[in-house]
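The exercises below are meant to be worked with the sequence and the model side by side. Each task is followed by a solution that goes step by step.

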Amino acid sequence: MNYGFFRVAAASLKLRVADPQYNKEEIKKAIDMALKEEVRLLVTPELSITGYTCADLFFTKTLQKAAEDALYDIIKYTEGKNIAVIVGAPYRSRDKLLNCAFTICNGEVLLITPKTNIANYSEFYEKRWFVSGDNADEFSDKYECNIDSKIELCEGVTVGIELCEDLWVPAPPSSRLAVDGADIIVNLSASDEYVSKADYRRALVSNQSARCICGYVYAGASVYESTTDLVFSGATLVAENGAIVAEGERFQRKNVITIADIDVEKLNTLRQKNMSFKNSSDSYCVSYALENESNDLKYRFTDPHPFVPADDEKRRERCKEIFAIQASGLAKRIEHVGSKGAVVGISGGLDSTLALLVCAQAMKMLGKDNSDILGITMPGFGTTDRTHDNAVKLMKTLGVSVEEINIKDSCIQHLKDIGHDESRKDITYENTQARERTQILFDMANKHGKLLVGTGDLSELAMGWCTYNGDHMSMYGVNASVPKTLVKYLVEYVANVSGEEISAVLYDILDTPVSPELLPPDENGEIAQKTEDNIGPYELHDFFLYHFVRFGCDKEKLSVLALKAFDGKYDEDTVNHWLEVFFKRFFISQFKRSCIPDSPKVGTVSLSPRGDWRMPSDASFNAFI
């Protein structure tokens, strides 16, 4: 089972310029190395059989014949091998010479792709030797194969081919190839090196893979091409939908094979949602039956926390931007409705802390004072001294208006009114408190002419871990598309840019277990009700949420990806248990998401019923578990 993955490799090779017999042996070595790692597609550099820097030697019959002999030898070498190999070589057709990519598999040439954009500026003067392949159908074909730029190597995997300069022009062939159905683009290149070019090249490859929603495999000429005024580095890159997923070390004096597992299934799912690809033409495509029955994900990095950048600097930048989006959205709503400020319930937990910090930033944007924020703490049956004290400290430190309303007596009275024994600590006991708090918040918002700001986050909405018409409701939900695994980093970001007094409170809140505090504390006065003991680790649920909503992964693939991502932290039984819990809770909780308040979208995954996620409230989960 391949789980929708396809293993590719970009090779930068040792070679001798104008020595095809030597070069073919290095290509064979690369094929063997790739086969050992179960690679299905191996891409070599531009003109890899002859070398790119042969100059006027390309005109000689000797080099042309040697290149042809080497190519036939490589073709024969692939017999019986389950791998497609793309090599570069000159191709003579009558009185014309083309720079071509040959796609070879199991002893035959499947496709010849001529270079269409011929570099002829600065250090490049390819038009001296080669003509463009724009009119490739006019050229003779001695290999009895198609002259094209696209091939379906196996079911669900279509490869488009371009050569070097093709990527650098304003309208790369890969753009058309992707719209026409190519999932993976390969580039056989011979790009020389100079200061800053590597960064620009990496950006080109990354950005093209993003625009085309594709995998992109780039194989560059090695240091052995270096001659006269030019030095080559052997750049090898694999990108997927805007991210560099594998990169080889440059300037190596040996064969470099850079391998990656590309998630073609994920790319196709993203394209299904993008009308530019859905309306693509059904153009002709060469087909072949390469076997791709299994993939162990050996060359696939799977991030356990896809919502949270691992790099500290990137994470800070991400948090800064999200915080600005949240505050800007809230400021606009407050300004639009003519509100005097904001009301927010403060529990001393992470979500309400983040909401309060967003409110403070929105007030700053609007030129208002933090006293225009009314923070209300509402101790109940499960409130601990730690969370209560932190809530009060935070509000006072930020300079917001503070109200404390104890809800115990109100809840006891309400339980009596509905004939519920208060010693029976069930869902009614818990939700009574959540709804009492929400009623107070709405009424106080009305009383003071202010906007009630919601605190619930994306993960809680996904799992239905919110009380319907309780914390589920507000006038604007600033955290509704922020996952639980990211909330703490947003609070940490603010702590790092704040004064010592505020930071001290925030860091203690960051150290507090996640809990709704709806059940009484334990005998030591500590939090007894811990959310993750009930519904499972949020890091797992956020992982499932990201890959299910964004890429449509099925249960089996989610399980495999999670085991790869967390690598020993959770065993297979644990992952599968919480995965089933995730699907059941996600499906039965849609009715709560169908009527959530407005909230700012901050990332690629959102559950707003008005935008990113439209789902029937009564859909069955049976097929998914």
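Two strands are said to pair if DSSP finds at least two bridges between them. The model is a predicted one, and every value below is computed from it.

**Exercise 1. Describe the protein as a whole before turning to its parts.**

Begin with the secondary structure, which comes to 20 helices and 19 strands. Next take the extent of the C-alpha trace, which spans about 100 × 50 × 45 Å along its principal axes. Then consider burial: of the 625 residues of the protein, 56% count as buried. Finally, look at the contacts between residues at least 6 apart in sequence, of which 74% join residues at least 24 apart.

**Exercise 2. Which strands stand at the edges of the sheet that contains E7 and E14, and what packs on that sheet?**

The pairing of strand E7 (residues 150-154) with E14 is a suitable start, since these two run in the parallel sense and are joined over 2 bridges. Within that pairing, the bridge partner of Ile151 is Val286 in E14. Extending the step from strand to strand gives an open sheet of 7 strands with mixed pairing, in the order E12-E11-E10-E9-E8-E7-E14. E12 and strand E14 (286-287) are therefore the edges, because each has a single partner strand and one side of each is left without a neighbour in the sheet. Helix H5 (residues 197-211) packs on this sheet, where it touches strand E10 (215-219), strand E11 (236-240) and E12, and its direction makes about 30° with that of E11.

**Exercise 3. Trace the sheet that runs from E6 to E13 and state the sense of its pairings where they can be given.**

The order of this open sheet of 7 strands is E6-E5-E4-E3-E2-E1-E13, and its pairing is mixed. Its edge strands are strand E6 (146-147) and strand E13 (256-263), each of which pairs on one side only.

Starting from the E6 end, E5 and E6 run parallel and are joined by 2 bridges, with Ile112 opposite Ile147 in E6. On its other pairing, E5 meets strand E4 (residues 96-105) in the antiparallel sense over 6 bridges, and Val109 in E5 is the bridge partner of Ile104. E4 and E5 form a hairpin with 2 residues between them, and Asn106 in the turn has a positive phi of about 50°. Strand E5 (residues 108-114) is mostly covered, with 6 of its 7 residues buried.

Further along the order, strand E1 (residues 5-12) pairs with strand E2 (residues 41-43) in the parallel sense over 3 bridges, and Val8 stands opposite Leu41 in E2. Helix H1 (residues 20-36) lies across E2, strand E3 (84-93) and E13, running at about 145° to E2.

**Exercise 4. Where do the largest pocket and the largest cavity lie, in terms of the residues that line them?**

Take the pocket first: about 1200 Å³ of space lies in the largest one. Of the 34 residues that line this pocket, Ala243, Asp303, Pro306, Arg318 and Tyr546 are the closest to its centre. The next step is to assign the lining to elements, and strand E12 (243-247), E13, helix H8 (312-337) and helix H17 (538-551) each supply at least two residues. H17 gives the most, with 4 residues.

Turning to enclosed space, the count comes to 3 cavities of 30 Å³ or more. The largest cavity has a volume of about 150 Å³ and is lined by 17 residues, of which Gly456, Leu461, Asp471, His472 and Ala480 lie nearest its centre.

**Exercise 5. How many disulfides does the model hold, and are Cys164 and Cys212 buried or exposed?**

The cut-off needed here is that a disulfide is a pair of cysteine sulfur atoms within 2.5 Å, and by this rule the count comes to 0 disulfides. Cys164 is in no disulfide, and the nearest cysteine sulfur, that of Cys100, is 15 Å away. Cys212 is likewise in no disulfide, the nearest cysteine sulfur being that of Cys214, 4.7 Å away. For the second part, buried means under 20% relative accessible area. Cys164 is buried, because its relative accessible area is 6%, and Cys212 is buried, because its relative accessible area is 3%.

Key:
Residues numbered from 1 in each chain as written. Predicted model: local features only at pLDDT ≥ 70, side-chain atom pairs only at ≥ 80, totals over all residues. Heavy atoms only, no water. Buried < 20%, exposed > 50% of the residue type's maximum accessible area, 1.4 Å probe, protein only. Contact = heavy atoms within 4.5 Å. Axes fitted to C-alpha atoms, helices over the stretch in contact; angles between N-to-C directions. 1 Å grid on protein atoms, 1.4 Å probe; cavity = no way out; pocket = protein on both sides within 12 Å on 5 of 7 lines; lining within 4 Å. Points joined across faces, edges and corners; volume = space filled by probe spheres on them.
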